[in-house]
Amino acid sequence: MTEISDHITSYRGDTPADHWDAIGTLVRTLATEYAGYRSLNVARRTIIALAGFFDWLYSTGAAPISRASLREDLVFGYELYRATEVSSRVAIQERNLLRAVAGLPKATPGNGVRSTTPTNPFPVYDVKALQQVREWASWQPNHLSGITAKGFAGLTLGCGLSASEVAQVHKDHVSAAGDAVIVDIPGTRARQVHADPEWRELLVAAAEVTPGYLVSPTGGLRTTVAVLDAVRNTHGASPTAGRARNTWLVARINEGHSPQALIRMSGLTNVRSLARIIRTHAPHRKDLLAVCDPA
């Protein structure tokens with residue numbers, strides 16, 4: 001018990017100092033309540049999962065930092081985000097731990113819990129699939145679904161945003177500077193991203209006519225789940241946020257950017273998050289992999 005308590009008390013998440021100041025007390029409290037009487041291994045896994053979840057929550061501004069925010073829709077959104085950084089097995093393990101801490105029932109197909117964590121979390125769209133996405137975005141049957149489709153394609157394939165970040169982008173966050181189209185991404189991982197020239201016309205088309213947000217333009221609920229539901233409700237087969245973001249990441253990796261530049265542009269938490277995608281899709285970047293996964 002003392003060993004577990006000492007581990008939880010001394011744990012410091014791999015997050016910026018101001019993030020940990022905002023989330024550390026709650027993370028340790030919840031970890032103690034759930035894992036303080038279990039094993040050291042469970043305590044370690046629990047506090048890592050909690051630190052990651054609340055750092056993501058703080059970074060996106062999706063909900064206040066409170067125990068009430070450890071709820072089903074946000075756990076689902078975090079699982080989608082983690083599927084872009086780790087294997088599906090790890091994302092599922094963390095999801096199940098967070099659900100257990102929150103007192104939610106175990107996620108099974110029979111209890112209506114949705115999960116879109118792919119078997120391989122790092123596929124990318126090929127040329128044919130990208131053309132199909134462009135057609136999907138361009139040929140929606142009504143005005144609002146057209147905004148959503150163009151905005152979603154422009155923000156994920158054009159800017160590499162995660163699903164939770166897509167939910168927060170308003171037309172006021174999109175601007176032009178000469179030929180460039182720039183998106184100011186809100187939140188504590190705020191940054192500017194220059195839209196890929198291949199997709200910026202869709203982004204501009206959505207921003208010019210939307211009454212508000214670029215995806216689900218009139219939707220009041222700005223959670224990841226609500227916004228992804230709006231995308232799924234468009235006409236035709238919609239792309240997935242994780243796969244589109246990975247496609248954008250691979251393109252930036254192949255452009256030769258440094259690890260630090262990739263982290264800054266993508267909003268990923270650390271360089272190790274890039275290691276699996278480099279091994280799978282850019283094995284020629286041995287220099288980059290040596291930095292991201294030195295072991």
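Colleague: Why is W56 called buried?

Modeller: The relative accessible area of W56 is 2%. Buried means under 20% relative accessible area, exposed means over 50%, and partly exposed is in between (1.4 Å probe, protein chains only). W56 therefore falls in the buried class.

Colleague: What should I keep in mind about the model itself?

Modeller: This is a predicted model, where local features need pLDDT of at least 70 and side-chain atom pairs count only at pLDDT 80 or more, while totals for chains, interfaces and linings use all residues. Residues are numbered from 1 along each chain as its sequence is written, and side-chain values use heavy atoms, with hydrogens and water left out.

Colleague: What makes R44 partly exposed?

Modeller: R44 has a relative accessible area of 41%, so it lies between the two limits and counts as partly exposed. R44 is found in helix α3; a helix here is a DSSP run (H or I, at least four residues), a strand is a run of E (at least two), and both are numbered from the N terminus. The C-alpha atoms of R44 and E72 are 22 Å apart, with their positions 28 residues apart in sequence.

Colleague: How many aromatic pairs are there, and how do you know that two rings pair?

Modeller: A pair of aromatic rings is described by the distance of the centres and the angle of the planes. Rings of Phe, Tyr and Trp (its six-membered ring) pair if their centres lie within 6.5 Å; planes under 30 degrees apart are stacked, over 60 edge-to-face, and the rest tilted. The count comes to five aromatic pairs. One of them joins F53 and F54, with 5.0 Å centre to centre and 80° between the planes. That distance is within 6.5 Å and the angle is over 60, so the pair is edge-to-face.

Colleague: Why is the pair of F53 and W56 called tilted?

Modeller: The centres of F53 and W56 are 6.0 Å apart, with 45° between the planes. An angle of 45° is neither under 30 nor over 60, so the pair is tilted. F53 and W56 sit three residues apart in helix α3 (residues 40–60), which means they are separated by about one helical turn. F53, at 0% relative accessibility, is buried, and F54 is buried at 0% too. Ring pairs link F53, F54, W56 and Y78 into a cluster.

Colleague: How do you know that R38 lies over the face of Y34?

Modeller: A charge sits over a ring if NZ of Lys or CZ of Arg is within 6 Å of the ring centre and within 35 degrees of the ring normal. R38 is 4.0 Å from the ring centre of Y34 and lies over its face. R134 lies over the face of W199 as well, at 4.2 Å.

Colleague: What makes an empty space a cavity, and how many are there of 30 Å³ or more?

Modeller: On a 1 Å grid over the protein atoms alone, a cavity is a set of points where a 1.4 Å probe fits but cannot get out, and lining residues have an atom within 4 Å of a point. Grid points are joined across faces, edges and corners, and a volume is the space filled by probe spheres set on the points. There is one cavity of 30 Å³ or more, and the largest cavity holds about 110 Å³. Its lining has 14 residues, of which S59, T60, S162, E165 and R189 are the closest to the centre. Helix α3 gives the most to this lining, with three residues.

Colleague: What makes you say that the overall size agrees with a compact globule?

Modeller: The radius of gyration is taken over C-alpha atoms, and the globule rule is 2.2 Å times the number of residues to the power 0.38. For 295 residues the rule gives near 19 Å and the protein chain has 19 Å, so the two agree. The chain has 14 helices and three strands, and 51% of its residues are buried.

Colleague: Why is C292 called buried?

Modeller: C292 has 0% relative accessibility, so it is buried. C292 lies in helix α14 (residues 286–292). Its C-alpha atom is 7.4 Å from that of P259, 33 residues away along the chain.

Definitions and conventions:
1 Å grid on protein atoms, 1.4 Å probe; cavity = no way out; pocket = protein on both sides within 12 Å on 5 of 7 lines; lining within 4 Å.
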